[in-house]
Amino acid sequence: MAGPFLFIFTGTGGSGRKTIGHRIGQELGLYSIQSCTTRPPRAPERGTPDRDYRFLSREAFEAKQHNGEFIETAVIGHEQYGILRNDLERPLQEKRNAYVIVNPEGAEALKQRYGNSAIRIFIYVDKMTVRERLEAKGMSFEVVDRYLVTYSEEVVYRKQCEHVIENTDLLRTLARIREAIQSHL
Ligand SMILES: Nc1nc2c(ncn2[C@@H]2O[C@H](COP(=O)(O)OP(=O)(O)O)[C@@H](O)[C@H]2O)c(=O)[nH]1
Ligand SMILES: Nc1ncnc2c1ncn2[C@@H]1O[C@H](COP(=O)(O)OP(=O)(O)O)[C@@H](O)[C@H]1O
C-alpha cells in the first residue's frame, strides 16, 4: 500500500457521484473535501447546506481566487466552483485518504497535479436515466436540460479514468466501487 490517495468521483452530471461518493467515503473513512461554489443552494440542499458544497458569495469567492487560494476552479453556467488548496492538502499531509466530487475538467486538473496518488472513478448512466432521476428529485426542466447539454462532452473522459462504472443498480454499483477503492488500499 502506498498513499495517501485522493479518490476523485467524476463522471456525467446527475449520474450519482454525490450519492455514491459520500456513502462510500463515509463507509471507508475517507476524508471529505468540499468544493466551494457561488451558486445558491437548491431547495433540497437548504436543510443541509454544508454537505456537498461550501456556498460562498461571489465577492468571497473572488477574494479567495485573487489570493491564489484555489487549487482548481471551473465556471459552469454563470457560477464558479473551486477547491481550496488548504482543504485538499491538509488531509494528504496528515496521510489520510480523501475524496472529492468534481466534473471531468476538475478531475483532469487534479490528476495532472497529483499523478499516481489521484484515482479517478468515472460514474455514468444513460441520458434518459439522468433525466428520469433528476426530474424525480424535483429538479426543474431547465436545470435538467443543462446537465444533459454537457453529457456528450463529459462522457468521453471515461476512457482516461482508472475505474469506469455504470450506476444502474445502486447496491451493485456501491459494491463495485468499494472493491475498486479497496484494491488501492
Ligand atoms: N471543476 C470543478 N467542478 C466542480 C467543482 N465542484 C463541483 N463541480 C462540478 O460542477 C458541476 C456543478 O453542477 P451543479 O448542478 O451546480 O451541482 P451538482 O448538484 O453537484 O451537480 C457538477 O458536475 C459538479 O461535480 C469544483 O470545485 N471544480
Ligand atoms: N443507482 C441509482 N438508482 C436510482 N437513483 C439513483 C441511483 N444513484 C443515484 N440516484 C439518484 O439520482 C439523482 C442524482 O444523483 P446525484 O448523486 O445527485 O448525482 P451527481 O452528483 O452525479 O450529479 C439523485 O436523486 C439520486 O438519489
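How do the residues of the lining of the largest cavity divide into nonpolar, polar and charged? Hold that one for a minute, and I'll come back to it. Quick reminder before we start: this is a predicted model.

Okay, ligand 1. There are 16 residues around it, and R39, R42, Y53, Y81 and Y147 come nearest. By class, that shell splits into seven nonpolar, four polar and five charged residues. For polar contacts, let me pick out a few. Y81 puts a polar side-chain atom 2.3 Å from an oxygen atom of ligand 1. K18 has a polar side-chain atom 3.0 Å from an oxygen of this ligand. Then there's a backbone one: a polar backbone atom of G106 sits 3.4 Å from a nitrogen atom of ligand 1. As for burial, ligand 1 taken alone exposes 560 Å², and the protein buries 95% of that.

So where does ligand 1 sit? The space it takes is the largest pocket. In terms of secondary structure, the elements giving two or more residues to the ligand 1 shell are α1, β5 (70-76) and β6 (79-84).

Now the pocket itself. Its volume is about 920 Å³. The lining has 34 residues, and I76, Y81, N103, Y147 and E154 lie nearest the centre. You've met two of those names already: Y81 and Y147 are also among the residues that come nearest to ligand 1. The elements that each supply at least two lining residues are α1, β5, β6, α4 (104-114), α6 (141-149) and α7 (151-155). If you sort the pocket lining by class, you get 14 nonpolar, nine polar and eleven charged residues.

On to ligand 2. Here we have 15 residues around the ligand, with G14, R17, K18, T19 and N167 coming nearest. Notice K18 again: its side chain was the one with a polar atom 3.0 Å from an oxygen of ligand 1. Which helices matter for this shell? Both α1 (17-27) and α5 (127-136) supply at least two residues, and α1 gives the most, with three.

The contacts I'd pull up on screen for ligand 2 are these. An N or O atom in the T19 side chain is 2.5 Å from a ligand oxygen. From the backbone, G16 has a polar atom 3.0 Å from an oxygen of ligand 2, and S15 has a backbone N or O atom 3.1 Å from a ligand oxygen. Taken alone, ligand 2 exposes 570 Å², of which the protein buries 80%. The class split for this shell is three nonpolar, eight polar and four charged residues.

Right, back to the cavity. The count comes to one cavity of 30 Å³ or more. The largest cavity has a volume of about 100 Å³. Its lining has twelve residues, with I33, Q34, S35, D52 and I101 nearest the centre. The elements giving two or more residues to this lining are α1 and β7 (98-101), and β7 gives the most, with three.

And the answer to the opening question: five nonpolar, four polar and three charged residues make up the lining of that cavity.

One thread to take away is α1. This helix gives two or more residues to the shell around ligand 1, gives the most to the shell around ligand 2, and gives two or more to the cavity lining. That's my tour, thanks.

Methods:
Residues are numbered from 1 along each chain as its sequence is written. Chains are lettered from A and ligands numbered from 1 in the order in which they are written. This is a predicted model: local features need pLDDT of at least 70, side-chain atom pairs count only at pLDDT 80 or more; totals for chains, interfaces and linings use all residues. Side-chain values use heavy atoms; hydrogens and water are left out. A residue is near a molecule or strand if one of its heavy atoms lies within 4 Å of it. A polar contact is a pair of N or O atoms within 3.5 Å; within protein, one must be able to donate a hydrogen and the other to accept it, and residues adjacent in sequence count only if both atoms are side-chain atoms. Accessible areas come from the Shrake-Rupley method with a 1.4 Å probe; for residues, only the protein chains shown count as cover. Helices (H or I, at least four residues) and strands (E, at least two) are DSSP runs, numbered from the N terminus. Ala, Val, Leu, Ile, Met, Phe, Trp, Tyr, Cys and Pro count as nonpolar, Asp, Glu, Lys and Arg as charged, and the others, Gly among them, as polar. On a 1 Å grid over the protein atoms alone, a cavity is a set of points where a 1.4 Å probe fits but cannot get out, and a pocket is an open set with protein on both sides within 12 Å along at least five of seven lines; lining residues have an atom within 4 Å of a point. Grid points are joined across faces, edges and corners, and a volume is the space filled by probe spheres set on the points. A molecule sits in a cavity or pocket if more than half of its atoms lie within 2 Å of its grid points.
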